[in-house]
2 protein chains.
Amino acid sequence: MNLFDLGERKIIEELKKLYGTIVDDDSYYFAEGKDYILITTDVITKKTHIPDDVSPELAGYFFASLNFSDIAAMGGRPKYFLTSYSMRIDTDFDFFMEFNRGIKKCIKKYKTKMVGGDTKEGDDFTATGIAVGKVNKNFILLRKNFKQDQVVAVTNSLGKNAAGYYLWKNGMKEGAEKLLEIEPRIEEGIAISKHGAKAAMDLSDGVYSSIDQIKKLTGTGFKIYFDKIPIHPLAFEVSGDLKIPLEEISLNFGGDYELLFSVDRSKWQNLKEKMEKNNFKVSEIGETWKGENILVKEGKEVKIKYHGYEHFTRSTLL
Amino acid sequence: MNLFDLGERKIIEELKKLYGTIVDDDSYYFAEGKDYILITTDVITKKTHIPDDVSPELAGYFFASLNFSDIAAMGGRPKYFLTSYSMRIDTDFDFFMEFNRGIKKCIKKYKTKMVGGDTKEGDDFTATGIAVGKVNKNFILLRKNFKQDQVVAVTNSLGKNAAGYYLWKNGMKEGAEKLLEIEPRIEEGIAISKHGAKAAMDLSDGVYSSIDQIKKLTGTGFKIYFDKIPIHPLAFEVSGDLKIPLEEISLNFGGDYELLFSVDRSKWQNLKEKMEKNNFKVSEIGETWKGENILVKEGKEVKIKYHGYEHFTRSTLL
C-alpha cells in the first residue's frame with residue numbers, strides 16, 4: 001500500500017493514533033508565563049505549489065505568508081521564522097535567492113526575524129517553513145471555541161485565489177500569480193480577538209473544508225448564506241467566463257488564507273464597527289447551530305457535501 | 001550557476017547576508033522569563049541519509065536524535081517535536097509508518113511530545129524535523145563561550161559512526177546501521193553545564209569541522225592530543241582492516257553526535273568526577289589556546305587542515 005491509496009487525512013489519522021497527540025488548531029501552543037508560544041510548520045514543493053508562471057519571489061512570499069497565516073488564525077503575532085530546504089544539486093542559485101528574497105520581503109513586512117534552517121540535497125525543491133509566534137493567554141483563538149448560535153464571519157473577500165487557479169489551468173498565465181498572492185491576516189486576527197472572537201481558523205482549504213473539520217471536532221454546525229459571501233470580483237468574472245459555479249470558486253477551493261471566525265451575536269456589531277474603523281473588512285456569512293452544515297441559497301437549504309482538495313489523492317493529480 | 005557550484009557553506013553565507021541574522025549555535029534561542037526557548041531544524045532525505053540497508057525505524061530514530069542533539073548541544077532539554085514530510089505519492093505506507101515508529105521511540109525515550117507537522121507531495125522522501133527545547137538562562141551552552149586556556153573534552157567515544165560508513169561503503173551492510181546509530185547527549189549536556197561548562201557544540205561533522213567553525217567564530221584555537229582521543233573499538237578495527245587513517249575516522253568525519261565542550265581548568269577535575277559518578281563518560285582531548293588549530297601526534301605538532309564533509313559539493317557525490 002502506498003500513500004496514494006490512502007490520502008492525506010488517513011495518513012494524518014494514522015500518525016495521530018501512533019503519537020497519541022491531537023493538535024486541532026492551525027498551530028500548536030504551549031504556555032510561557034502570561035503568553036502562549038505558537039509553533040507551526042508548512043511545506044511547499046516546486047512540483048505541487050510553485051507554477052512555472054510565477055516569479056520565485058512571489059513563491060517565497062507565499063511560502064512565508066502561509067506559515068504566518070497559521071499564527072494569525074490563533075490570534076497570535078509571528079516572531080521568528082526558519083526555513084529548511086531539500087534541493088537538487090542543479091537547483092539554479094538565482095531561483096533559490098529570488099525565493100529567499102520573497103521570504104525576506106514577507107518577514108520584513110510582518111516584523112519577524114529569520115533565525116535558522118537547514119539545507120540538504122534531495123530530488124526536488126522542498127521548502128519547509130517553521131513559524132514561531134506569541135499570543136496573550138486571554139486572546140488565543142481556538143477551533144474548539146466555535147459554539148452554537150454565534151455569528152460566523154470572514155475577513156476580506158473569497159474566491160480570488162481559486163479564480164486565479166482556474167484561469168491558470170485554462171491557459172492564462174497571469175492566473176498563477178492570483179493563485180499565490182496571499183497575505184497572512186495577522187492584524188485582523190489580533191483585532192477580532194480583542195473585540196470578542198474566541199474561535200478562528202484560516203481558509204487554506206476553503207469554507208466547506210473548514211466547517212467540515214470544525215463540525216467533526218466540536219459538533220457545531222454551520223448555516224452559510226450564499227448571498228452574504230463577500231465574493232471577490234475576479235471570481236465573478238472567472239465564473240462567468242469559464243462556466244464554473246461561483247459556489248465552487250468561493251467556498252470549495254480555498255487558497256484564500258482569509259480568517260473564518262465566530263463571535264457571540266451580542267458582540268458582532270461592535271466588532272464589525274471597530275474593525276471598519278481600522279480599515280479591516282469583515283463580513284457575516286452565516287451562523288453556527290446545532291444541526292448539519294447547510295448552505296442557504298435562493299431561499300433553499302441544502303446540506304453541504306464537502307469534496308475539497310486533499311493531498312495524496314487522485315484529485316491532486318488533476 | 002547552480003548549488004553544486006557553490007557548496008553549502010557559501011549558500012549559508014549568502015543567506016546570512018540576505019537576512020542579516022547570524023545564528024552561531026546549534027539552535028536559535030530566545031528569552032522567556034528565566035529560561036531560553038531553543039528551536040532547531042534538521043532535514044534528512046532518503047537519497048542522502050537513509051541507506052537501503054537500515055530499517056526505516058532506525059532512520060526515524062536517527063532523524064529525531066539528530067534534531068534533539070542540537071538542543072543537547074545548548075545544554076537544553078527538548079520538549080516538543082514536529083515533523084514535516086515531502087514524499088512521493090508511491091511512498092510505501094509501511095516504510096512511512098516504520099520511520100514514524102522510530103521517531104516515536106526516540107521522543108518517548110527522551111520524554112518529548114510530537115506536536116505537529118505537515119505532509120505534501122514531492123519527488124523524494126524528505127523529512128524535516130523541528131525540535132523545541134528549554135534551558136535555564138544560567139545554564140545555556142554557547143559556541144562563543146569557547147575561551148583560551150580551557151580544557152577541551154568530548155562525551156563518550158569517537159569514530160564508531162565513521163567506521164560504520166567505511167564498512168558500508170566497502171560492502172558490509174551492517175556498517176550502515178553503525179553509521180546511523182546515535183543518541184542525543186541530552187543528560188550529558190545538562191550535566192556538563194551544571195558543573196561549569198559554558199561552551200559546547202555537537203560533533204555532527206567531526207572534531208576538525210567543529211574546531212574550524214569555532215576558531216572562525218571566536219578566534220580561539222585548539223590543541224588536540226591524538227593519544228588522548230577516546231577512539232571507539234570499531235574505529236580501530238576498521239582502520240586496520242581497511243587501511244584508513246585512524247585520524248580520518250575519529251576526527252575528520254563526524255556522525256558521532258557526541259558533545260565537544262570546554263571548561264576552565266580549575267573546574268575540570270570536579271566536572272569529570274561528577275560525570276563519572278552519574279555514569280557519564282567524558283575525556284579531555286586537548287586545550288584551547290591563542291594559536292592555530294593543531295594536532296599533537298607522536299610528539300609533533302601539525303597544523304590541522306580541515307577537509308570535512310560539505311553538502312552540495314563534489315565530495316558529497318562520492
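**Fold and symmetry of a predicted two-chain model**

Chain A is built from 12 helices and 12 strands (DSSP runs numbered from the N terminus, with helices being H or I of at least four residues and strands E of at least two). Its radius of gyration, taken over C-alpha atoms, is 19 Å, close to the 20 Å given by the globule rule for 318 residues, so chain A is as compact as a globular protein of that length; the rule is 2.2 Å times the number of residues to the power 0.38.

A word on the model helps here. This is a predicted model, in which local features need pLDDT of at least 70, side-chain atom pairs count only at pLDDT 80 or more, and totals for chains, interfaces and linings use all residues. Residues are numbered from 1 along each chain as its sequence is written, while chains are lettered from A and ligands numbered from 1 in the order in which they are written.

The C-alpha trace of chain A spans about 55 × 55 × 45 Å along its principal axes. Among its 318 residues, 56% count as buried (20 or more other C-beta atoms within 10 Å of the residue's own; exposed means 12 or fewer, partly exposed in between, with C-beta atoms placed from the backbone).

How do the two chains relate? A turn of 180 degrees and a shift of 0.0 Å along the axis lay chain A on chain B with an RMSD of 0.0 Å, by least squares on the C-alpha atoms of residues with pLDDT of at least 70 in both. The two copies are thus related as by a two-fold rotation axis. Of the residues of chain A, Asp123(A) comes closest to that axis, its C-alpha lying at 2.9 Å.
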